[in-house]
Amino acid sequence: MKNIKDYDLEDLKEELISYDEKPYRAEQIFKWIYQENITSFDDMTNLSLELRQKLKDNFTLCTYNIIKKQESKKDETKKYLFDVLDGNAIETVLMKYHHGYSICVSSQIGCKMGCKFCASTGIKFVRSLTSGEIVEQILAVERDAKIKISNVVFMGIGEPLDNYDNVVNAIRIINNPKGLNIGARHISVSTSGLVPNIYRLADENIQCTLSISLHATTDEKRSSMMPVNNRYNIEALLTACKDYINKTHRRISFEYALAKEENDNLEDAKRLARLLKGMLCHVNLIPINKIESGIYSKSSNENIIKFRDYLNSKGIVATIRRELGSDIDAACGQLRRKSLSSKEDA
Ligand code: SF4
């Protein structure tokens, strides 16, 4: 069976034509799925019984079940573990900001990139998610929390640009006014630095925000933290970023997780300021989340503030990310791994 959420609007129109249906039906179906968030084809009451039956015979609605949900007592962060209906599980995090609800979606089951600071490192890569499986994370959270999501970040498990076509298709569905209708500027794609696909994304004519996991200022240090840097070094990465800015006129966000005595001293801040000089960018400083088996620990508050202040003094806008869900397993990978290990322990 095909997942109906894998289709963007134009593809669904084509599909319906092949079933001798009028293409405008696709818009009605989109409304039921993305605006009414229904979970059964029977709920599509303005479609004929015959068409509803055709849909049931040929498509699934891919509606996730919640395996586990953790809710923060300090803020409204919720972390979900969803059953993706093939025996695998993925995680999704809902966060509340003053501007609305933001969701952090996974793009793959497991990840190939092996970043040393990431809790999903060690979980073997299983497969990439389809675009419908990505989009369903948003719908499932909206149904459960009874809210409307206004921002989507591709920063959960997986490297989004390693699942390029499905992620781009998911963005088109999320952004479509007849789909989830979330503005491209409220959609952010985070990459560890797959340079060729940064160039491709720049040419897609999607105005989404690109977020780069930078985390170090020398190739030696970055390669030790992120193996992807052995393939695409800092110079190649920043050249691709400049191309993205030139083509999209969008400000890039650089993620920099501060780890105690690894990348958090003033020399690092000085090198970072030199690397980013003159770029249309913003630096997001992240107090690293101490993970159970992690080799890094959190920087002191004093170092984090000094680092930020130095960058700001050099004209580079830097902010410290608020730690949301710090009382639950908010670093990517942790909830899934715990659930897997408790299954293994059982
Ligand atoms: S940080 Fe992201 S890209 Fe790196 S291993 Fe974790 S999930 Fe993969």
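**Close-up views of a predicted model**

**View 1. Strands 3 and 4 pair up as a hairpin.** Strand 3 (residues 65-71) and strand 4 (residues 78-83) run antiparallel, with six bridges joining them. Strands here are DSSP runs of E with at least two residues, helices are runs of H or I with at least four, and both are numbered from the N terminus. Two strands count as paired if DSSP finds at least two bridges between them. Six residues make the connection from strand 3 to strand 4. For one bridge to pick out, look at Asn65, whose partner in strand 4 is Asp83.

A quick word on ground rules: this is a predicted model, so local features need pLDDT of at least 70 and side-chain atom pairs count only at pLDDT 80 or more, while totals for chains, interfaces and linings use all residues. Residue numbers start from 1 along each chain as its sequence is written.

**View 2. Leu9 sits in helix 1 (residues 9-18).** Leu9 has 18 C-beta neighbours inside 10 Å, so it counts as partly exposed. On this scale, 20 or more other C-beta atoms within 10 Å makes a residue buried, 12 or fewer makes it exposed, and partly exposed is in between, with C-beta atoms placed from the backbone. Setting aside neighbours within four places in sequence, Leu9 is in contact with Ala26, Phe30, Asn176, Lys178 and Gly179; contact means C-beta atoms within 7 Å.

**View 3. Domain 1 (2-60) meets domain 2 (65-345).** The bounds come from an automatic or database domain assignment. The C-alpha centres of the two domains are 32 Å apart. Domain 1 puts 10 residues into the contact and domain 2 puts in 15. On the domain 1 side, helix 2 (residues 24-35) gives the most, with four residues.

**View 4. The largest nonpolar core has 91 residues.** Such a core is a set of buried Ala, Val, Leu, Ile, Met, Phe, Trp, Tyr and Cys residues joined through C-beta atoms within 7 Å. Both domain 1 and domain 2 give residues to this core, so it lies between them. Ile138, Val152, Ile174 and Tyr256 have the most contacts inside it. Zoom in on Val152 and, leaving out residues up to four places away in sequence, you'll find it touching Ile103, Val105, Ile138, Ile174, Ile182, His186 and Ile187.

**View 5. Residues 339-346 have pLDDT below 50.** pLDDT is the predictor's confidence in each residue, from 0 to 100. The chain has a mean of 91, and 90% of its residues reach 70 or more. Beyond near neighbours in sequence, the 339-346 stretch has four contacts in the model.

Definitions and conventions:
Two residues are in contact if their C-beta atoms, placed from the backbone, lie within 7 Å.
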